[in-house]
Amino acid sequence: MIVYHGSTIVVDNPIAAAGRERLDFGKGFYITDIQYQAEAWAKRMHRIRQKPGIVNVYELDMDLIKNKFRYLGFNNYDNEWLQFIISNRTGLCAESFDVIEGGVANDRVVDTIEAYMANLMPLDLALKELSKHKPNNQICILSQKAIDSCLHFVKHYNI
């Protein structure tokens, strides 16, 4: 499958450990199969860093990931996804996976997540609000072995 990573640099050799702490799925290398989503991220990084926006393009072997690595996938914004996101964002996640795939906790849903985390919204209402949105897709590769085995740089282009 073709996947994308929005940045301000060419990332031809991704490093899982270079990711930031306390993101949706933990510290790893984030990609998406949604091209415009990576382009939007590259544009955002361009505005923040005042450097050219770059989209890196890769070939990802999902069959190998699902068969040979510890893989976790979320299909919906549901309770399991919500608890996992909260666990990672608060630094409490103890589960270990090589690759995690699922919805992005982006601007469309982050207010709901934060309200729930602050005990301003009960779980049933938070889940009802989250269910109104179709998840964007992100894939986080947390292990370098999975990157080296399954992700192959194809090209990059400027935004």
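This is a short tour of a predicted model, one selection at a time.

**Before you start**

Residues are numbered from 1 along each chain as its sequence is written. In this predicted model, local features need pLDDT of at least 70, side-chain atom pairs count only at pLDDT 80 or more, and totals for chains, interfaces and linings use all residues, while side-chain values use heavy atoms and leave out hydrogens and water.

Helices (H or I, at least four residues) and strands (E, at least two) are DSSP runs, numbered from the N terminus.

**Stop 1: the three-stranded sheet**

Select β1, β3 and β7. They form an open sheet in the order β1-β3-β7, with antiparallel pairing. Two strands pair if DSSP finds at least two bridges between them. Which strands stand at the edges? They are β1 (2-7) and β7 (151-158). Each has a single partner strand, so one side of each is left without a neighbour in the sheet. From one strand to the next, the twist averages 25 degrees.

Now zoom in on β3, residues 54-60. Seven bridges pair β3 with β7 in the antiparallel sense. Click N56 and look across to β7: its bridge partner there is H156. On the β1 side, six bridges pair β1 and β3, again in the antiparallel sense. Here I2 stands opposite E59 of β3.

Is β3 mostly covered or mostly open? Mostly covered: six of its seven residues are buried. Buried means under 20% relative accessible area, exposed over 50%, and partly exposed in between, with a 1.4 Å probe and protein chains only.

**Stop 2: the helix on the sheet**

Add helix α1, residues 35-49. Helix α1 packs on the sheet and touches β1, β3 and β7. Its direction makes about 10 degrees with that of β1. Axes are lines fitted to C-alpha atoms, for helices over the stretch in contact, and angles run from 0 to 180 degrees between N-to-C directions.

**Stop 3: strand β6 and its partners**

Select β6, residues 138-141. Q138 and C140 point one way, I139 and I141 point the other way, and all are buried. Next add β2, residues 29-31. Three bridges join β2 to β6, and the two run antiparallel. Y30 stands opposite C140 in β6. Then add β5, residues 99-102. Four bridges join β5 to β6, also running antiparallel. Look for G102, which stands opposite Q138 in β6.

**Stop 4: D98**

Where is D98 found? It lies in the loop between α3 (79-89) and β5. D98 counts as buried because its relative accessibility is 7%. Show its side chain together with that of R70: a polar contact of 2.7 Å joins the two. (A polar contact is a pair of N or O atoms within 3.5 Å; within protein, one must be able to donate a hydrogen and the other to accept it, and residues adjacent in sequence count only if both atoms are side-chain atoms.) Contact in general means heavy atoms within 4.5 Å. Leaving aside neighbours within four places in sequence, D98 is in contact with F69, R70, C140, I141, L142, S143 and A146.

**Stop 5: two cysteines**

Select C140 and C150. C140 is buried, with a relative accessible area of 0%. C150 is buried too, also with a relative accessible area of 0%. How many disulfides are there? The count comes to zero, where a disulfide is a pair of cysteine sulfur atoms within 2.5 Å. The closest cysteine sulfur to that of C150 is in C140, 14 Å away, which is too far for a bond.

**Stop 6: three helices**

Two packed helices are described by the angle between their axes and the distance between the axes.

Start with α3 and α5, residues 123-130. They pack at about 105 degrees, with axes 10 Å apart. That makes α3 roughly perpendicular to α5. (Angles under 35 degrees count as roughly parallel, over 145 as roughly antiparallel, 65 to 115 as roughly perpendicular and the rest as oblique.) N79, W81, L82 and Q83 of α3 meet L123, L127 and L130 of α5.

Finish with α4, residues 110-117. Its buried residues include V110, T112, I113, A115 and Y116. What covers them includes α3 and α5. α3 and α4 pack at about 75 degrees, with axes 11 Å apart. That makes α3 roughly perpendicular to α4. W81, L82, Q83, I85, I86 and R89 of α3 make the contact with V110, I113, Y116 and M117 of α4. Last, click N119, which follows α4 and has a positive phi near 60 degrees.
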